[in-house]
Amino acid sequence: MRRKRVLPLAALLLCTPALAGTAPAVAAPQTAPAGPLRILLTNDDGYNAPGIRKAFERLTAAGHDVTIVAPLTNQSGTGTKMMSAPTIAVKHPEPKVWAVDGTPGDSVAFGLAEVFAGDAPDLVVSGTNFGPNVAGLATHSGTVGGAVAALEHGVPAIALSTGGVSAPDPVTTVNAMGPTLDFAVKLIDRLRTRARSGPLLPEGVGLNVNHPVVGADGKGTAAGVSATFQDPQTLLEPDFTDAGDGTWKMTVKVDLRPAVKGSDVEAVTADRIAVSPMNADWNTGPVDRAVASALITGLRP
């Protein structure tokens, strides 16, 4: 049975302490459970996209309690945009699945305020995205934006993306989502093991994980795992052509420059998994990178 809810803007405002002037509407979990995790799964490709459905199946098979709260339609490139309309339509098309007619940030806000009301999930996973979210792409990514929305509310978060630095090929990219999610399961197990009776991640720190497409069919194993930072280059450059009638045609081209040593672009172009720390105010530094480095030591694809 399909149910539809409309969430007033005020409800979303209550989820944002900086705007509401009050404490967060949800309380973040203080410690990681010994057993399977309760995971809010979101994305920016839409609730029925291959990446999120594969993630749901793989994380559920690993024993976790997974609930999809994701955009109704493709929201790629929406970044951290939230409160996108005065009212938000929400569908509940099947058990454990909520489709929010808004951005990834709207979806996470609704999930924390309503679906997980009063009992925040242990982890928010955003993805896996169709295509990479490295360098400047990460800044504008709705996948990363969904993870940032969780971090703003004190909930640990991981953004997952599958792809190289070129335009993604549909078949090989979808195939590479398998290895991406196999690694994600290992990473989450590592987080839980290292947490013991503490938090999954240091307060305010999330992870932006980019898995390369390896092999002719995309099913190959990555060459390794690197603790990285976001490369400063933009990757995508718009080009405008004047049509002469007051309109302009825009095309986008890839402008790949040499990667900065230690960056996510360097890792992914070398067929390595890039694990970059992030937080909601964008100010990752040496301490956060040290955390990421310690986290992945000995971890294999």
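This is a short talk about one protein chain and how its parts sit together.

Okay, hi everyone. Before anything else: what you see on the screen is a predicted model. So let's start with the whole chain. It has 9 helices and 12 strands. Of its 301 residues, 50% are buried. The outside comes to about 13,200 Å², and carbon and sulfur atoms supply 55% of that. Now look at who touches whom. If you take the contacts with a separation of 6 or more, 78% of them are between residues 24 or more positions apart.

Let's go inside, to helix α6, residues 142–152. How many of its 11 residues are buried? It's 10, so the helix is largely enclosed by the rest of the structure. Among the buried ones are Gly 142, Thr 143, Val 144 and Leu 151. And what covers them? The cover includes two helices, α4 (104–115) and α5 (135–140), along with the strands β6 (123–130), β7 (157–162), β8 (206–211) and β12 (272–278).

Have a look at the ends of α6, too. At the N-terminal end, Ser 141 acts as a cap: one of its side-chain oxygens lies 3.0 Å from the backbone nitrogen of Thr 143. Just after the helix, you'll find Gly 154 with a positive phi of about 80°.

We've met α4 as part of that cover, so let's stay with α4 for a moment. There's 1 aromatic pair in the count. Trp 98 and Phe 110 make a tilted pair, 5.8 Å centre to centre with 55° between the planes. Trp 98 is in strand β5 (residues 97–100) and Phe 110 is in α4, so the pair ties together parts that are 12 residues apart in sequence. Are these two buried or exposed? Trp 98 counts as buried at 13% relative accessibility, and Phe 110 is buried as well, at 1%.

Next up, charges. Side chains of opposite charge can pair when their charged atoms come close. In this model the count is 6 salt bridges, and I'll show you some. Arg 53 pairs with Glu 94, with the closest N and O atoms 3.2 Å apart. Arg 53 belongs to helix α3 (residues 50–61) and Glu 94 to strand β4 (residues 87–94), so this pair ties together parts that are 41 residues apart. Arg 53 counts as buried, at 17%, whereas Glu 94 is partly exposed, at 32%.

Then there's Asp 65 with Lys 96, where the closest N and O atoms are 2.6 Å apart. Asp 65 sits in strand β3 (residues 65–71) and Lys 96 in the loop between β4 and β5, which puts them 31 residues apart. Both are partly exposed: Asp 65 at 37%, and Lys 96 at 33%.

Last stop, the surface. Leu 236, Phe 240, Trp 248, Met 250, Val 252, Val 254 and Leu 256 form a nonpolar patch with about 720 Å² of accessible area together. Which strand gives the largest share? That's β11, with 4 residues. β10 (235–242) and β11 (248–255) each supply at least two. Leu 256 is in the loop between β11 and α8 (264–269), and is partly exposed at 41%.

Asp 255 and Arg 257 also meet in a salt bridge, 3.7 Å from N to O. Asp 255 is partly exposed at 29%, and Arg 257 is partly exposed at 40%.

That's me done, thanks!

Terms used
Residues numbered from 1 in each chain as written. Predicted model: local features only at pLDDT ≥ 70, side-chain atom pairs only at ≥ 80, totals over all residues. Heavy atoms only, no water. Buried < 20%, exposed > 50% of the residue type's maximum accessible area, 1.4 Å probe, protein only. Contact = heavy atoms within 4.5 Å. Polar contact = N/O pair within 3.5 Å; in protein donor to acceptor, adjacent residues only side chain to side chain. Patch = residues over 30% accessible without salt bridge, like charges linked within 9 Å, V, L, I, M, F, W, Y side chains within 5 Å. Areas by Shrake-Rupley, 256 points an atom, 1.4 Å probe, with all protein chains shown as cover. Salt bridge = Lys/Arg side-chain N within 4 Å of Asp/Glu carboxyl O. Phe/Tyr/Trp six-rings, centres within 6.5 Å; stacked < 30°, edge-to-face > 60°.
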